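Trainee: Could you take me through one helix in this model, slowly, and then show me how its surroundings fit with the rest of the chain?

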Amino acid sequence: TNVNETPPKGGNNRGRDLENRKRKLEEGGNQNPDTTKPGINEVVEKQDSTEQQPKQHALTRALGFLKSVVHSLFFDYETISFNYTNDNSVTKSGILGEGTGFNNFWGINYSYTKGPSRTFMLGLSSDVGKRAPNANLQDVFSQKNSLDFRTSRPLWTGAKLDIDWKVDWSVNKNTTISTDQFGNPTIDNITETGTLERSFLSMPPTLFLSVFGNGIKKVNELFNPNAPNPQQNLSDAFVKGFETFPLLSKLSFLKDFTKYIPRPNWHITWDGLENILFFKSFTKKVSLENAYSSTYTEGTKVNPDGVQEILSQRIDYGFAPLAGINITFNDMWGGNLIGSIKYGTKTVYDLGLTTKNISETFSKDIGLTAGFSKSGFELPLFGISLKNDIEFSFSYTSSTNSVVRYDMLNFIEEGTPQDGTLRTTMEPRIKYTISSKVTLSIFYTRTAIEPQGAARIPPSTTNEAGLDVHISIQ
């Protein structure tokens with residue numbers, strides 16, 4: 001018996017076609033691919049596109065975040081103010097002219113016998129004309145420049161940040177002159193001094209646990225007593241060691257201008273805290289504040305060789321306050337009750353270039369104030385019941401001050417204590433307003449001073465009480 005097995009129609013042909021097509025694609029010999037069917041290249045392209053999409057999305061998000069940060073830092077401000085002032089003053093003695101300069105200022109022709117010229121009086125020229133003969137004279141020139149930049153921006157709901165940059169610089173020049181019998185001047189001596197004061201940025205190492213690396217220890221690390229010019233080396237180390245972010249000083253093209261570039265100081269206020277559950281039940285208004293201010297001050301002179309030398313340097317920084325809270329309570333006893341608590345610190349460093357010493361003056365203050373005021377307060381006086389205004393206030397301040405000296409040649413991180421005091425002041429006061437022209441105040445002030453550390457002053461206590469009566473007569 002013969003059995004004929006017939007395969008399914010087209011089965012073997014389809015299998016061979018698929019094998020041949022796959023082989024040709026792998027060998028690159030498929031010259032006429034079927035465009036109606038997805039090929040290997042199309043599958044690869046789809047895989048590449050799906051892998052690139054997450055990368056493109058991540059790059060887009062990163063660029064968007066960077067754009068928002070730049071916009072927030074440099075452009076998202078409510079107000080920006082810029083102020084620059086320049087003052088010049090010239091004083092010269094021994095002018096030969098007998099006049100006041102009135103005719104020279106308003107007239108057409110100039111005559112030295114009528115006083116100084118129009119351009120000198122307008123500050124456009126330093127030429128004052130002929131000088132008196134056989135005289136010893138002195139010319140004085142001074143110039144002061146002030147640059148102030150302020151801006152503000154919101155931080156979050158109820159919070160606001162105010163930032164300011166400030167720099168002041170001045171020049172004072174005294175010239176001693178002697179004249180001959182014909183009034184011809186000869187310069188005998190020139191004395192030129194200058195000052196520089198700009199906003200600074202130095203974070204206290206004790207407060208921020210030295211995360212920024214600045215402080216008196218950093219100054220000593222930067223100071224090289226064996227440098228060719230130890231005095232200039234200490235001067236540079238003083239500034240760089242206390243500055244928190246000395247980025248500008250590392251830019252070589254800004255080397256000559258870095259000392260004139262101010263750093264930011266700020267003031268932060270946060271209102272609306274009365275809406276928080278803790279304060280909501282007993283307050284009308286609650287606000288927090290923080291303010292930082294720092295200044296770098298430098299005094300210079302020009303020596304006879306025409307080289308500018310630094311005479312003095314000072315850096316001070318502090319928080320006034322570091323933290324402060326102001327509270328207005330709900331109406332109480334028919335009047336208004338307010339209170340505030342503030343804590344602030346301040347540190348001043350003075351550099352002695354000749355002695356290679358740095359003196360630190362540190363102070364911290366805790367202040368508490370409270371006040372109650374009421375209108376329509378009834379007070380019997382001389383048999384008459386008067387309804388006027390009355391105010392009760394109380395203030396308490398505790399201030400600690402200490403002075404420590406650091407020797408840069410024999411450095412000790414703790415320094416050498418020089419002085420220290422603890423001052424406590426307490427003052428209650430009552431003010432009664434009889435009318436808009438008559439007020440009466442009674443106060444008592446107690447001040448106690450206690451020596452601390454190496455202080456040699458004896459402790460003392462001062463008690464003061466008084467009565468103020470203010471009567472306005474118009």
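Mentor: Happy to. Let's begin with helix α7, residues 230–242, in what is a predicted model. With 13 residues at 1.5 Å each, α7 should span 18 Å, and its end C-alpha atoms are indeed 18 Å apart, so the expected and modelled lengths agree. Now look at which side chains are covered: the buried residues in α7 are L234, S235, A237, F238, V239, G241 and F242.

Just past the helix comes E243, whose side chain meets that of R263 in a salt bridge, 2.6 Å from N to O. Both residues sit in the loop between α7 and β5 (265–270), so the pair ties together parts that are 20 residues apart in sequence. E243 is buried, and R263 is buried too.

It helps to set that pair beside another one. D331 and K284 also join their side chains in a salt bridge, again 2.6 Å from N to O. This pair links distant parts of the chain, 47 residues apart: D331 is in the loop between β7 (308–329) and β8 (336–352), while K284 is in strand β6 (residues 283–302). Here D331 is exposed, because its relative accessible area is 56%, and K284 counts as partly exposed at 41%. Elsewhere, E427, R429 and D468 are joined into one network by salt bridges that share partners. The count of salt bridges comes to nine.

One more of these takes us to the strands. D148 forms a salt bridge with R150, with the closest N and O atoms 3.1 Å apart. D148 counts as buried at 14% relative accessibility, whereas R150, at 42%, counts as partly exposed. Both numbers fall within the range of strand β2 (residues 136–154), which runs antiparallel to strand β1 (residues 79–92) and is joined to it by 14 bridges. As an example of that pairing, T79 stands opposite S152 in β2. On to strand β3 (residues 159–179): 19 bridges join it to β2, and these two strands also run antiparallel. F149 has W165 in β3 as its bridge partner. β2 and β3 form a hairpin with four residues between them, and in the turn G158 has a positive phi of about 90 degrees.

Follow the chain beyond β3 and you reach G183, in the loop before β4 (185–199). G183 counts as buried, because its relative accessibility is 6%. Its C-alpha is 6.6 Å from that of K130, although the two are 53 residues apart in sequence. Leaving aside neighbours within four places in sequence, G183 is in contact with R131, A132 and P133.

Further along, T447 in strand β12 (residues 438–451) is buried, with a relative accessible area of 17%. Beyond its neighbours within four places in sequence, T447 touches R423, T424, T425, S460, T461 and T462.

For contrast, look at the surface. F392, I430, I442, L467, V469, I471 and I473 make a nonpolar patch of about 710 Å². Strand β13 (residues 460–471) gives the largest share of that patch, three residues. F392 lies in strand β10 (residues 384–407) and is partly exposed at 35% relative accessible area.

Stepping back, the protein has eight helices and 13 strands, and buried residues make up 27% of its 474 residues.

Technical notes
Residues are numbered from 1 along each chain as its sequence is written. This is a predicted model: local features need pLDDT of at least 70, side-chain atom pairs count only at pLDDT 80 or more; totals for chains, interfaces and linings use all residues. Side-chain values use heavy atoms; hydrogens and water are left out. Patches are made of residues with over 30% relative accessible area and no salt bridge: like charges are joined within 9 Å, nonpolar side chains (Val, Leu, Ile, Met, Phe, Trp, Tyr) within 5 Å. Accessible areas come from the Shrake-Rupley method with a 1.4 Å probe; for residues, only the protein chains shown count as cover. A salt bridge is a side-chain nitrogen of Lys or Arg within 4 Å of a carboxyl oxygen of Asp or Glu. Buried means under 20% relative accessible area, exposed over 50%, partly exposed in between (1.4 Å probe, protein chains only). Contact means heavy atoms within 4.5 Å. The expected span of a helix is 1.5 Å times one less than its number of residues. Two strands pair if DSSP finds at least two bridges between them.
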